[in-house]
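Please examine the sequence and the model below. The paragraphs that follow lead from the whole chain to its strands and then to a pair of helices.

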Amino acid sequence: MQHVNLHEAYDSQGDTISHLSDIIGGHKRHISLLPNLKIINQHLSCHSDTLFTEQAQKGLYFSLVGTKPIIDSDDIDSIQISYQAQDIVGDFAMTEGEEKSLFQIHVTTELLASLFNETEEQVIQYFSNLFASINQDGPLISLPVTDKNRAVCRLMLAYQRQTLSLIGHVYSCIFTFVDQLKMLNHLSRCEDCQQKVFQAQNLLESPDHGKLEIDQLAHRVGLNSEALTLGFQHLVGQSVERYGMHSRMQYAAAMLRQDPHSKSSVVAKSGFTESQFEAAFIQHFGVSSHQYGQIH
């Protein structure tokens with residue numbers, strides 16, 4: 001396995017240096033907005049199994065995470081929030097062919113204290129307690145991409161070349177993420193809300209759930225769609241959409257095992273068109289529904 005220190009891997013333009021081209025490709029660019037606020041835009045593509053050493057300064061990191069370069073909000077797979085109490089150096093591994101992207105907001109606790117009209121000690125204590133409550137002292141908290149945070153991220157990504165507008169959109173993202181952390185903290189502690197999330201999980205496992213959109217599902221269990229999206233990912237470990245897709249495909253497969261000629265009725269109950277159903281089935285099981293019926 002190769003070893004690369006990322007602190008020494010980039011040229012003055014932020015591109016990976018040429019003598020590492022057989023190992024990695026990509027970039028890491030910094031946008032300094034204020035003395036205590038900057039953006040880090042990073043993409044890594046790995047050409048061989050590699051162990052990377054990375055450095056991080058103390059502060060809060062709000063990271064948009066994806067695989068391909070993050071240009072638009074559609075490129076975001078998840079949002080990660082981490083707090084570093086001090087400067088750190090750490091390692092992570094990537095395999096050949098793997099790609100990772102980060103679009104990070106790095107903000108100091110000093111600036112956050114100013115934004116939230118608190119002392120720096122209060123901000124540090126607040127986020128320390130928040131991480132302990134939500135993630136049992138884990139190093140980071142993951143948020144799913146929701147309609148709300150996707151909208152603010154889209155604006156931030158669109159205004160990267162307009163510094164004053166960009167600062168405003170960065171602040172908007174920070175406030176949105178912190179609000180979602182507060183909501184997630186409540187969901188992780190409230191048994192009533194957790195029961196509603198698990199009720200939604202049960203509804204997704206019913207045969208007719210394919211007709212339910214997230215807002216309809218949230219209404220049926222007594223949560224708003226944002227709370228359901230956040231809580232479902234945290235408690236179940238998957239997004240509502242992914243879990244619903246899995247349940248629908250499992251139900252469809254069970255029906256086809258019972259009767260290989262029942263595809264038309266299975267498709268009708270799935271909530272998909274026939275072409276959508278077939279594409280989802282192949283993605284899920286690796287074979288067409290017709291082949292699956294013959295095999296089983």
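Among the contacts in the protein with a separation of 6 or more, 65% are made by residues 24 or more positions apart. The model under discussion is a predicted one. Its secondary structure comprises eleven helices and nine strands. The protein has 296 residues, and 45% of them count as buried. Toward the outside, the protein exposes about 15,500 Å², and 48% of this area is supplied by carbon and sulfur atoms.

The strands offer a suitable place to begin. One group of three strands forms an open sheet in the order β1-β4-β7, and the pairing within this sheet is mixed. Because β1 (2–5) and β7 (88–94) each have a single partner strand, they stand at the edges, and one side of each is left without a neighbour in the sheet. Direction ignored, neighbouring strands of this sheet are turned by 20 degrees against each other on average.

Within this sheet, the pairing of β4 with β7 can be followed in detail. Strand β4 spans residues 50–56 and pairs with β7 in the antiparallel sense, over seven bridges. One position illustrates the register: Thr53 has Asp91 in β7 as its bridge partner. As a general point on such elements, the side chains of a regular strand alternate between the two faces of the sheet.

Attention now turns to strand β8, which covers residues 99–107 and pairs with β3 (residues 37–46) in the antiparallel sense over nine bridges. Here Asn41 stands opposite Phe103 in β8. Strand β8 is also joined to β5 (residues 59–66); seven bridges link these two strands, which run antiparallel. In β8, Val107 is the residue that stands opposite Leu60.

The helices provide a further topic. How far apart are the axes of helix α4 and helix α5, and at what angle do these helices pack? Helix α4 (residues 163–189) and helix α5 (residues 191–204) have axes 5 Å apart and pack at an angle of about 90 degrees. Angles of 65 to 115 degrees count as roughly perpendicular, and α4 is therefore roughly perpendicular to α5.

The residues that meet in this packing can be named on both sides. From α4 come His186, Leu187, Ser188 and Arg189, and these meet Glu191, Cys193 and Gln194 in α5. Sorted by class, the contact of α4 with α5 contains two nonpolar, three polar and two charged residues.

Methods:
Residues are numbered from 1 along each chain as its sequence is written. This is a predicted model: local features need pLDDT of at least 70, side-chain atom pairs count only at pLDDT 80 or more; totals for chains, interfaces and linings use all residues. Side-chain values use heavy atoms; hydrogens and water are left out. Two strands pair if DSSP finds at least two bridges between them. Helices (H or I, at least four residues) and strands (E, at least two) are DSSP runs, numbered from the N terminus. Axes are lines fitted to C-alpha atoms, for helices over the stretch in contact, and angles run from 0 to 180 degrees between N-to-C directions. Angles under 35 degrees count as roughly parallel, over 145 as roughly antiparallel, 65 to 115 as roughly perpendicular and the rest as oblique. Contact means heavy atoms within 4.5 Å. Ala, Val, Leu, Ile, Met, Phe, Trp, Tyr, Cys and Pro count as nonpolar, Asp, Glu, Lys and Arg as charged, and the others, Gly among them, as polar. Buried means under 20% relative accessible area, exposed over 50%, partly exposed in between (1.4 Å probe, protein chains only). Accessible areas come from the Shrake-Rupley method with a 1.4 Å probe; for residues, only the protein chains shown count as cover.
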